[in-house]
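Me: I would like a close look at a single part of this model, set in the context of the whole chain. Please take your time over it and give the cut-offs behind each term.

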Amino acid sequence: MRRRESPSTFSQFLSVVGVVFFIFAFYSLVADYWDDLSSIERVGIIFIPGAIAYVCMWNSKLSHGNSVYFALVAIISAALQTIGLFTAVDEFYPKQDNEFLTCAIIFAVLSIEYILVFVRGAKRTAPMFFASFYFVAAIHCLLKLAEAPGYVVAFSDAVIILSISYALQKTPYRSISSFGYLIGTICVLSYDILHFGHGGAIY
């Protein structure tokens, strides 16, 4: 029996570019008719494709298949679900008493989604990345809700991001760590600037 060949890097690149162009063209068309759409249609046309992409992540063939295609589906799912949920809030609850609470709830729900995919479905880098990203975003919003000083928020972000990066460093998902260390370092610098002024030293 002939072994099935995996797609070449170039064919994967063309597939990804094709999907990106299709999505861009589709939502450019939607933007032209945005004012004619009802609130439900606006939310549905963004959120439903993202939810479908999320469900596809649970498919065993995709989750255990090509990593590039799986990552692309994960990115589409994360982007469209996030935009869709914020669109829903904007359409149905335009006047929020506290936007940080709304953001924290949305990010927490999305973080749980990708934790479930990682634990119960595909133990891949993409769901781990988005679960971590939304978790940090939720904590950030909760601190802003509590009216914590900017330097406290920056320090908290740095500690959480660097801790996650260190924990993942010796796992199969260590490719996230480098990016995490970069963002964590930026947060440390932000803490230094906000707390001591102009990046000033502790002295």
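Which residues of α2 are buried?

Reply: Some ground rules come before the helix itself. This is a predicted model, in which local features need pLDDT of at least 70 and side-chain atom pairs count only at pLDDT 80 or more, while totals for chains, interfaces and linings use all residues. Residues are numbered from 1 along each chain as its sequence is written, and side-chain values use heavy atoms, with hydrogens and water left out.

In α2, the buried residues are Arg42, Val43, Gly44, Ile46, Gly50, Ala53 and Tyr54, where buried means under 20% relative accessible area, exposed means over 50%, and partly exposed lies in between (1.4 Å probe, protein chains only). An α-helix has 3.6 residues a turn, so residues three or four places apart point the same way.

Helix α2 covers residues 39-56, which makes 18 residues; helices here are DSSP runs of H or I with at least four residues, strands are runs of E with at least two, and both are numbered from the N terminus. From its first C-alpha to its last, α2 reaches 26 Å, close to the 26 Å expected at 1.5 Å a residue, the expected span being 1.5 Å times one less than the number of residues. The helix nevertheless has a kink of about 30° at Ile45, shortly before the proline Pro49, the bend being the angle between axes fitted to the seven residues ending at a position and the seven starting there.

Pro49 itself, which is placed in helix α2, counts as partly exposed at 29% relative accessibility. Leaving aside neighbours within four places in sequence, Pro49 is in contact with Tyr27, Gly44 and Leu80, contact meaning heavy atoms within 4.5 Å. The C-alpha atoms of Pro49 and Gln81 are separated by 8.1 Å, although these residues stand 32 residues apart along the chain.

The buried Arg42 deserves separate attention, since Glu91 forms a salt bridge with Arg42, the closest N and O atoms being 3.0 Å apart. Glu91 lies in helix α4 and Arg42 in helix α2, so the pair ties together parts that are 49 residues apart in sequence. Both partners, Glu91 and Arg42, are buried. The count of salt bridges comes to one, by the rule that a side-chain nitrogen of Lys or Arg lies within 4 Å of a carboxyl oxygen of Asp or Glu.

On the surface, Ile40, Phe92 and Tyr93 form a nonpolar patch with about 380 Å² of accessible area together. Such areas come from the Shrake-Rupley method with a 1.4 Å probe, and for residues only the protein chains shown count as cover; patches are made of residues with over 30% relative accessible area and no salt bridge, like charges being joined within 9 Å and nonpolar side chains (Val, Leu, Ile, Met, Phe, Trp, Tyr) within 5 Å. Phe92 is found in helix α4, residues 67-92, and is partly exposed, with a relative accessible area of 44%.

Helix α2 also helps to cover another helix, for what covers the buried residues of α5 includes α2, α4 and α6. Across the protein chain there are eight helices and zero strands, and buried residues make up 34% of the 203 residues. Of the contacts in the protein chain with a separation of 6 or more, 64% are between residues 24 or more positions apart.
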